[in-house]
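Student: Got a minute to go through this model with me? I'd like to start with how confident the predictor was.
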Amino acid sequence: IEKSVLHCRDLTEMWLNVSRGKLRRSTFDAGKLVRSVADNCRIKAGEKQAALEVESAGEGLALEADEMQVSRAVQNLIVNALEAVSPGSGRVRVRCSREGESLQIGVEDNGCGMTDDQIGNATEPFYTTKKNSGTGLGLFIVKQVAEAHGGTLRIESHLGQGTNMIM
């Protein structure tokens with residue numbers, strides 16, 4: 001119980017820092033972070049009987065950012081993707097690569113996809129399409145983390161075919 005309470009405290013502090021624009025910047029290997037977060041999501045992928053693939057442009061993808069915030073954002077993207085895919089046939093692909101001066105982290109799934117209205121509302125606080133779960137804060141937090149670091153969150157989706165989130 002104590003460990004869970006401390007984890008909740010850390011998350012609350014992180015969210016407050018994001019909203020206040022406070023960053024604890026350090027330089028870390030983004031490729032390693034993405035692999036580590038994906039590894040932590042493998043149990044959920046197994047429960048969903050979904051394939052979880054990680055593609056990285058290799059080691060040494062140095063990123064100066066708030067590692068905890070970026071980690072949480074990547075986890076939110078992966079979990080959302082896993083929740084969108086069908087059991088047994090779902091596939092989630094996580095990518096990390098350098099695009100010029102920018103680093104891109106993408107999470108693509110072959111899930112149900114999103115309508116234009118859903119895409120437009122996806123990053124609004126408390127917006128959710130999940131009937132029995134979800135707070136509607138996941139993509140809102142991802143967008144806030146990306147913007148706090150000078151980046152963006154782009155959503156590409158086709159109804160019935162899947163979604164690609166690029167941070």
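Student: Okay, which element has the lowest mean pLDDT, and which has the highest?

Tutor: Helix H1, residues 2-20, has the lowest at 62, and strand E7, residues 162-166, has the highest at 97. This is a predicted model, by the way.

Student: And what's the mean pLDDT of the protein chain?

Tutor: The chain's mean is 88, with 86% of its residues at 70 or more.

Student: Let's stick with E7 for a sec. Is asparagine 164 buried or exposed?

Tutor: Asparagine 164, which lies in strand E7, has a relative accessible area of 11%. That is under the 20% cut-off, so asparagine 164 counts as buried.

Student: What does the side chain of asparagine 164 make a polar contact with?

Tutor: The side chain of arginine 95, at 3.2 Å. If you skip neighbours within four places in sequence, the residues in contact with asparagine 164 include Arg95, Val107, Glu108 and Arg154. Ile155 and Glu156 are on that list too.

Student: Switching to strands. How does E4 run relative to E2 and how many bridges join them?

Tutor: Strand E4 (residues 91-99) runs parallel to strand E2 (residues 51-56), and 6 bridges join them. To pick out one spot, leucine 52 sits opposite valine 92 in E4.

Student: What about E4 and E5, parallel or antiparallel?

Tutor: Antiparallel, with 8 bridges between E4 and strand E5, residues 102-109. One pairing there is serine 97 with glutamine 104 in E5. E4 and E5 make a hairpin with 2 residues between them.

Student: Which residue in that turn has a positive phi?

Tutor: Glycine 100, at about 65 degrees.

Student: Now charges. How many salt bridges does the structure hold?

Tutor: It holds 7. Among them is lysine 44 with glutamate 83, where the closest N and O atoms are 3.7 Å apart. That pair links distant parts of the chain, since lysine 44 is in helix H3 (residues 42-48) and glutamate 83 is in helix H4 (residues 67-84), 39 residues apart.

Student: How accessible are lysine 44 and glutamate 83?

Tutor: Lysine 44 is partly exposed at 30% relative accessible area, and glutamate 83 is partly exposed at 32%.

Student: Back to the strands, then. Which residue forms a salt bridge with glutamate 55?

Tutor: Arginine 93, with the closest N and O atoms 3.3 Å apart. Glutamate 55 is in strand E2 and arginine 93 in strand E4, so this salt bridge ties together parts that are 38 residues apart in sequence.

Student: Are glutamate 55 and arginine 93 buried or exposed?

Tutor: In between: glutamate 55 is partly exposed at 36% relative accessible area, and arginine 93 is partly exposed at 22%.

Student: How far apart are the closest N and O atoms of arginine 93 and glutamate 108?

Tutor: They're 2.5 Å apart, in a salt bridge. Arginine 93 is in strand E4 and glutamate 108 in strand E5, so the pair ties together parts that are 15 residues apart in sequence.

Student: Which residues are linked in a network of salt bridges?

Tutor: Glu55, Arg93, Arg95 and Glu108. Arg95 came up earlier, as the polar contact partner of asparagine 164.

Key. Residues are numbered from 1 along each chain as its sequence is written. This is a predicted model: local features need pLDDT of at least 70, side-chain atom pairs count only at pLDDT 80 or more; totals for chains, interfaces and linings use all residues. Side-chain values use heavy atoms; hydrogens and water are left out. pLDDT is the predictor's confidence in each residue, from 0 to 100. Helices (H or I, at least four residues) and strands (E, at least two) are DSSP runs, numbered from the N terminus. Buried means under 20% relative accessible area, exposed over 50%, partly exposed in between (1.4 Å probe, protein chains only). A polar contact is a pair of N or O atoms within 3.5 Å; within protein, one must be able to donate a hydrogen and the other to accept it, and residues adjacent in sequence count only if both atoms are side-chain atoms. Contact means heavy atoms within 4.5 Å. Two strands pair if DSSP finds at least two bridges between them. A salt bridge is a side-chain nitrogen of Lys or Arg within 4 Å of a carboxyl oxygen of Asp or Glu.
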